[in-house]
Amino acid sequence: MRRARGTLLIWAFLAPSLTIFLLYRILPLLWNAALSVQTWSPFRPSKFAGLIHYEELLFHDEVFWTSLWNTVVFMSSSPIAIALALGLALLVDTRIRGRGVYRAIIFLSYPLMTVAVGIIWRWLYDEKVGLLNYVLLSLHLTQRRIAFLDSYEWAMPSVVVAAVWQIVGFFMVILLAGLQNIPPNLQEAAALDGASGVQRFRHITLPLLRPAIFLCLMIGIINSFTSFDLIYVMTGGGPNYATEVLITYIYRVAFVLSKFDYAAALTVVLFLFLLVLTWLANRVAGGEAGAVDAAE
Amino acid sequence: MRRTLTRIVIGLLALGLLTGPVAAQPKTLSLLTWNIPIYKEKIEGWIADFKKIHPDVTVEWFDKKGPEWGPFYQTQVVAGTAPDIIDTQGAIWLDYASNGGLVDLTPHLQRDAAVKDYYNPKFLQTWVYEGKNYMVPFYVSKTLLFYNKGMLKEAGIARPPQTFDELLDAARKMTKGEKSGFMTLNFDWLYWPLLAMNGVELLTPDLKKAAFNTPAAVKTVDALAKATADGTINKVAWTGRWVEPNNAFASGTVGLYQAHAPAFFYVRGGGPWINGDTLGATQMPGGFATPNSHGLGISKSSKHPELAWEFIKLATNEKWAYTFGKNFKLFTGTRVDGRLMDELQKEDPLAASVMKTQLEQVDKLVATWPLGKDAQVKEAFYSEFQAAVLGRKPAAAALAEAERKVNRLLAR
């Protein structure tokens, strides 16, 4: 009886969040999956269509493959940002004067609204009045202005730089917390044993930072899949799909081309892709990612 | 028991008769406009005028910026709360009309012959799908050719170009250093006059197949690609949206600029060099122009389509069309435009010289295909066209691929 009451209480506490989760996550997900096998528009009733949209995207839609590839390329900004953040974390973890100020300055880019970040970088990259072109021309590093966001070659790297700039401060904070959790006596003992700085970094710091690095990697990967606003503001997915990632393509298909059913199929693919990545990440983490220790 | 029940029923009926008919349900009309929050005061004027005639009707007004407009309307349609009256830009209406989302206004126009005659027939025709009129003009515009007189003079060019070859020749002569000769807006088929003036048709007359993959089209696209590669055409022409090309022309470094009339006001605001002596406006060679107008229509789900039609008539009547045209220095696709033009000539001769192009050669409107899949065809064509003009693909290969894509779309 007492156990049943306990179970009831647990469910009662869980009910509000479970209801919200069901209404805002599970039901839309199921509705989306159902929509992906129908033909539907806001103006017409739906009709079962089987796997026609999946066939279209797998075998006939080049833009889907381009955007999938671009998503993978965009994901590469995570390792870059992590490496950069690690360097910065190591720097501000030393006993330099004003390190608190440096930490704050580096972190400042993160709380900025992504739309604002996009607009700032768009101006920086501007071909005519952008600061970057001005600096490059002034230093004679280039003879002609570079259309960073309007050229195939530069558009994606330019967006990646902006994405790295925004996230690096956040990663730095995570890694800094990880660094400060490493017991100093380990470093001291290794130093006494004659280990060099590089050896200490390789054999003590890096292995003990693994959970923090893994967390950054996960956040980075998820971010790159959902980073709609930055790309939408900076390039709109152009030029000619050079920066089109899956999430911007889904938006375009749904709201510009009014193909909601097809967008639903693309969303299912995105979901499956994320599922596989999460599973892989979980495996890499030893199958225990997200596990919570049961309190005795 | 039965007697008691009968008494209660009779009593209720008597009460009903004594208190009169149940008060009528309040009627509400909703209006969705496209990025004119600045016009709030006047739209409240429409509503006030409407309420004088229909005091029992409440009108709710929403305004959304361009990129938000489509998602907002579509989600409202799905939610079953689509605004009754909508103001759409360009060819967006085609998607809604072809999917049965808009009220056919043809019977209303036939019934109100005077109202139909009041609208400019050439512009009214641009909102016809499968013989039915789905929108009426709210404000109209089409593309034209702006030219920087100083750059033309400096290059020794006496008059604006009259043919495609002249256009590219003139542009080439004006190109040097930071300066480029030509640029165009590219959204909503606004670049199509460049192909139309070379005799390129997008589709066959029955709209069932692509017709653009011709030697003339390949030659045209190839010429555009070469001109883009050597800097004669500013790359922003193919990659920029609205702000970027306008800013480039406003900076005074572009000789010829194909854009729609509203761009003038933005460009003038950002270009201190612009005045009557330095800026010219004319038709594109051949007089071809792509319309980019705003129309008013009624959502199919409207509970009060008759009232919505009354509201549209009021919002576009002489008083309010004139007020709108005067306020924004734009034309309204109605009989009022002549008067607006006369007044503009006195008040703002430069704007008048630009706006004059909007009332001329309205029989040369192109890219007005009544195609339900307009947005998809546009995307399929432009992605390949863009790849060609930016030098990513040879023109012939790009057009062949575009043809395959467009035919596949039309066949589905």
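**Note on the sheet, cores and chain contact of the model**

1. In strand β11 of chain B, the residue that stands opposite B:Ile85 is B:Ile298. The model is a predicted one, and the remarks below should be read with that in mind. The two strands concerned, β3 (residues 85–89) and β11 (residues 294–298) of chain B, pair in the antiparallel sense, with five bridges between them.

2. These strands belong to an open sheet of five strands in chain B, which runs in the order β2-β1-β3-β11-β6 and has mixed pairing. At its edges stand β2 (57–64) and β6 (136–139) of chain B, and because each has a single partner strand, one side of each is left without a neighbour in the sheet. Averaged over the sheet and with direction ignored, neighbouring strands are turned by 25 degrees against each other.

3. Helix α15 (residues 305–315) of chain B packs on this sheet, where it touches β1 (27–34), β2, β3, β6 and β11 of chain B. The direction of α15 makes about 155 degrees with that of β11(B).

4. B:Ile85 also appears in the largest nonpolar core, which has 124 residues, and is listed there among those with the most contacts inside it, together with B:Trp93, B:Phe146, B:Ala171, B:Met183 and B:Val221. A second core, separate from that one, has 57 residues and includes A:Leu86, A:Phe148, A:Val159 and A:Leu266. In soluble globular proteins, nonpolar side chains tend to be buried together.

5. For B:Met183, once neighbours within four places in sequence are left aside, the contacts are B:Ile233, B:Asn234, B:Val236, B:Ala237, B:Pro245, B:Ala248, B:Phe249, B:Val254 and B:Tyr257.

6. B:Lys393, in the loop between α19 and α20 (395–411) of chain B, deserves a separate remark. B:Lys393 counts as buried because 21 other C-beta atoms lie within 10 Å, the threshold for that label being 20 or more. Leaving aside neighbours within four places in sequence, B:Lys393 is in contact with B:Ala387, B:Ala388 and B:Ala398. From B:Glu178, B:Lys393 is 215 residues apart in sequence and 26 Å apart in space, C-alpha to C-alpha.

7. Between the chains, 25 residues of chain B are in contact with 17 residues of chain A. On the chain B side, the elements that give two or more residues are α3 (66–79), α4 (92–98), α12 (236–239) and α19 (374–389), and the largest share, six residues, comes from α19(B). By class, this side of chain B has nine nonpolar, 11 polar and five charged residues.

Key: Residues numbered from 1 in each chain as written. Chains lettered and ligands numbered in written order. Predicted model: local features only at pLDDT ≥ 70, side-chain atom pairs only at ≥ 80, totals over all residues. Contact = placed C-beta atoms within 7 Å. Helix = DSSP H or I, 4+ residues; strand = E, 2+ residues; numbered from the N terminus. Nonpolar A, V, L, I, M, F, W, Y, C, P; charged D, E, K, R; others polar. Buried ≥ 20, exposed ≤ 12 C-beta atoms within 10 Å, placed from the backbone. Core = buried A, V, L, I, M, F, W, Y, C linked by C-beta atoms within 7 Å. Pairing = 2+ DSSP bridges. Axes fitted to C-alpha atoms, helices over the stretch in contact; angles between N-to-C directions.
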